[in-house]
Amino acid sequence: MSAVTATILENEMGARTKPATPDEGSRLGFRLTLPAQILVLFISAFPLLMQLYISVTDWSPLSGAGWWNAWEMWNSFANYTDLAADTRFWSALQRTAIVMLVCVPAEFLLGLALATLFADEFPGKRIFYSILLMPMMVVPAVAGYMFFMLFQSGGPVNDILSRIVGTPVTIAWLSDPNLALIAVMIADIWQWTPLMFLILLAGLVGVPEDQMKAATLLGANAWQRFTTIVLPKMKTIIIIALAIRVIENFKIFDTLYIMTGGGPGVATETISVYIYKVTTQDLIWGYVAAIALAILIVLSIVAVYAMKRMAKAREVPA
Amino acid sequence: MSAIHLQNLVKEFGDFTALKTMDLDIADGEFMALLGPSGCGKSTTMNMIAGMEEPTSGKILFGERDMAGVPMGRRGVGFVFQNYAIFTHMTVRQNLAYGPRMRGAARAEIDRRVGAIAEMLQLAPLLDRKSDRLSVNILQRVAIGRSAIMEPAIFLLDEPLSNVDAAFRAVMRTELKQLQRQFRQTMVYVTHDQLEAMTMADRIAVMDHGVLQQVGTPLEVYNNPANVFVARFIGAPGMNLLKGRPAESDRGLVIDLGPLGVTPPLPDEIAPPVRATRGEVLYGFRPEQVALAERGLSMPVSFVERIGARTIVHLGEGENAVRAVFENDVGLSIGQTAVVAPPASSVRVFDAATGLAVKAG
Amino acid sequence: MADIVFRNVTKRYGATLAVDDASFTVNDNEFFCFFGPPLSGKSTILRLVLGLEVPDQGEILIGGKPVNSVSPAKRNVAMVFQNLALFPHMSARDNVRFPLVERKVAEAEIEKRLADVAAKLHIGHILHKPPAQLSGGERQRVAIARALVRDPAAYLMDDPISALDARLREETRVELKRIQRELGKTLIYVTHDQEEAMSVADRMAILENGRIRQIGAPTEIYDRPASAYVARMLGSPMMNILPSVRGASRIEAAEGAIRINDAKAPAEAIEIGLRPEDLKVRPWSDNGTAEEGSGRPARVFEVEPLGGYTVVTLAAGQARLRALLRGQPDIRPDAMVAISCEPARVHYFGQDGGAL
């Protein structure tokens, strides 16, 4: 117990009148938090229900009717059947998956390597630490412009490559359908590796030092210590870090949209970009609602899985 | 082969000297306790033996072999941590198998060795338990088993009983001692509890402020403490020490204790060296050896503690306080005056200036 | 008057009975100890006295007044926490003043009480220091001063010196007792250290799983334990408790190594208890006839020298006994010895573990 607890105790002893029995206490607690609970429920449930409602109609802001009258345009599940046949949707989904499958593991491995490095002391650690965290602080839109400029055919990236190779390099990073996605992924990795690093470092310093020493004394080398002690102890935090990045990466938008606008053509059109375009250009909001709901379901499955694993991991505290 | 020799061992952390020139020889198969208050350098010494820390200067030899530059994984020492450092994400079996597995032993070989060690430590029924919710004595056995399976020649234990509650400590002490008998390895045991050191160790190295004070069997350090620190640290309660000056009397050399009067004459063996010390001395005797007498030190009883089998009587106050341990039927109470005298043979005299024991002959 | 009375107090946490039908009276000016293993209900009793918990059943009276529905702040009892909980950023003086400043007591009054408490606890010379610069014992006294400055009717301490090292604990417990005597206040003290409990308590209560097993002066409980459980709780080494067999004129235990010629021994006894210090151990003489009062030979299993005493563990068949001998007797492992004990010193326990 700390001084803080003592203060709390003192305050409690001074302020509280009649302590309630456990039953009374929980009932009272429920009554007191009820307004807040209703508010939270409303905030989170209302948009969802509204979306569900619109997703089974042909409603559009251009239809002239308020959204609450969307039932007049009821189309049963046509939006969903259209979605199943929408090749642009499926290829956007595929592209999103590719970005995720490249970026998240890359960010994880880089973050883990950096965290391992930073778990030990070395000169200038604090400065490197600050520099390393900077990309995370950059507004994604600004990062988008930065990389937009970096990857111009006359931009610094090509310039550096030219100097290395010796002959002028004029790669059209952002207008080549094959390279644009790579450029976008590099930007994402640049921006989000620091977050991964930060979370993993927190987990790494939490690995009990005595157990590491014990493993060393029992003859484990650095790699063995890493696989048998560090990784198992960090399981929970790794799952959290991956879950955060998977969900975030799935929604990749601002950097990408500024760099390529989803193009050339649809070469970098991810789910978010696709939804944005359908929303702002095609204005078929009933359809948009259906897409959004479908994606929400996918992401929820990921989140639930992650949380289940976390609960399981917590049964065995480090 | 598994004897340990520390030669001129020094450890400094920046400006702070944790260990000042330590020389200690620990025999093969010996149970040596490093005893002292926190910050005395005992853990630093142990960590250097294990290879977790490099000595600033001096040598550590295992048998003939110089350990300088040998990394901790290759020293062949078993180490039991204060909190046992059990791998909590593994089962008991995985903990025990850890060492051989890391050394790449064959599956069948690992199973055989884990089986044997589990049998020996009575862990067989617990092998597939997760090790994060085991009781503390099981944890201790797992920690010992995990090291013992590597058959180390040397076992190092870092205050393994300090997290155990008092009532259970006696059980754990007995268990540890029996394990040492089974394994017959050299054991170095770090503790701040003199009782643990006394009851378990073959020899005790008493340390304070980075300096080795005395090495000896438990009874040697108890009966003939080398200096005032050891005299006070060993024993419960520690030795009584009263300040005074040597004085001649018609019955022989006595110590003039000022307000407390003079002591009975000193025994013949220590009278000449005491006479030779100039200045103040400390007159020391064990609380357990105090007896009520006709003549002796007359002191008021300031407090009486009856603790089970013993009664501790506090006599006098401040600088002139004395504690005496009696049987329960002593019949002294607060306010009474007791006349006490230690038997001549149990008196120890220390030089007040240096703190060192004045030795006979 | 600050006597504290519990009448049939019960406290549950969910399905666990933390305190089970506890009734006791702590007299005014008494040093009263609660002693028991972890989770036996000691700390819950303190929290009930403080008012941090409300009993499910029963009644608590402080100074003759029922306090079940009185708030902690109005109970006028003060608490010294296990880890002392001194504020590290404040000087000792500010720590002691804290409860009074919080209660908006007038400055002159604060200074008067501070001086008073400081004098009683001999801390006047260290008041300017922050806790980090104080020794364990000094911190202890500052924490007590902080509890006392409110002038409570009674004060409570939850294992306040367990963090100190052994040597300092021995000194501090004597000091605590002196302070309590001089202050003349009721003190309820919780500890898990039996030596400490026996040293300081005027009376003590021994707890097991939320139930009070025995209340009495430490010597009374030590000499006449009400049950085998209580007998094991006090005394180091622990009392030897052995299954016993009744013969024609004597009781036997430890496969005949112990023979007690006690005609008055209760017939229902199934176990006997022997304090280690009551056992007499002599070398076995091989002439075949055992000495008066001793049985068959036992083997010395282990010898632990403590300096002033020696603990000898004896093996007789499967039974293990511990004897506490004075001084440094010349006994070695594997020697054969005869054990005896005065009949008047033997404790008898019945089927339910109760003393007979």
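**Exercise 1. State how the domain assignment divides chain A, and describe how its two parts meet.**

The assignment, whose bounds come from an automatic or database procedure, gives chain A a domain 1 at 41-76 and a domain 2 at 79-314. The model is a predicted one, in which local features need pLDDT of at least 70 and side-chain atom pairs count only at pLDDT 80 or more, while totals for chains, interfaces and linings use all residues. Residues are numbered from 1 along each chain as its sequence is written, and chains are lettered from A and ligands numbered from 1 in the order in which they are written.

Taken over C-alpha atoms, the centres of domain 1 and domain 2 of chain A are 33 Å apart. With contact meaning that the C-beta atoms of two residues, placed from the backbone, lie within 7 Å, twelve residues of domain 1 of chain A touch nine residues of domain 2 of chain A. On the domain 1 side of chain A these are six nonpolar, five polar and one charged, where Ala, Val, Leu, Ile, Met, Phe, Trp, Tyr, Cys and Pro count as nonpolar, Asp, Glu, Lys and Arg as charged, and the others, Gly among them, as polar.

**Exercise 2. Carry out the corresponding description for chain C.**

Chain C is assigned domain 1 (4-233) and domain 2 (240-349), and the centres of these domains, over C-alpha atoms, are separated by 40 Å. Four residues from domain 1 of chain C and five residues from domain 2 of chain C make up the contact; the domain 1 side of chain C consists of three nonpolar residues, no polar ones and one charged.

**Exercise 3. Determine which helix of chain A supplies the largest share of the side that touches chain B.**

The contact involves 17 residues of chain A and 20 residues of chain B. Helix 9 (209-217) and helix 10 (222-233) of chain A each contribute at least two residues to the chain A side, helices being DSSP runs of H or I with at least four residues, and strands runs of E with at least two, numbered from the N terminus. The largest share, six residues, belongs to helix 9 of chain A. By class, the chain A side holds ten nonpolar, four polar and three charged residues.

**Exercise 4. Explain why helix 1 of chain B is described as largely enclosed.**

A residue is buried if 20 or more other C-beta atoms lie within 10 Å of its own, exposed if 12 or fewer, and partly exposed in between, with C-beta atoms placed from the backbone. In helix 1 (residues 42-50) of chain B, nine of the nine residues are buried, so the helix is largely enclosed by the rest of the structure. Among them are B:Lys42, B:Met46 and B:Ile49. Just after this helix, B:Gly51 adopts a positive phi of about 90 degrees.
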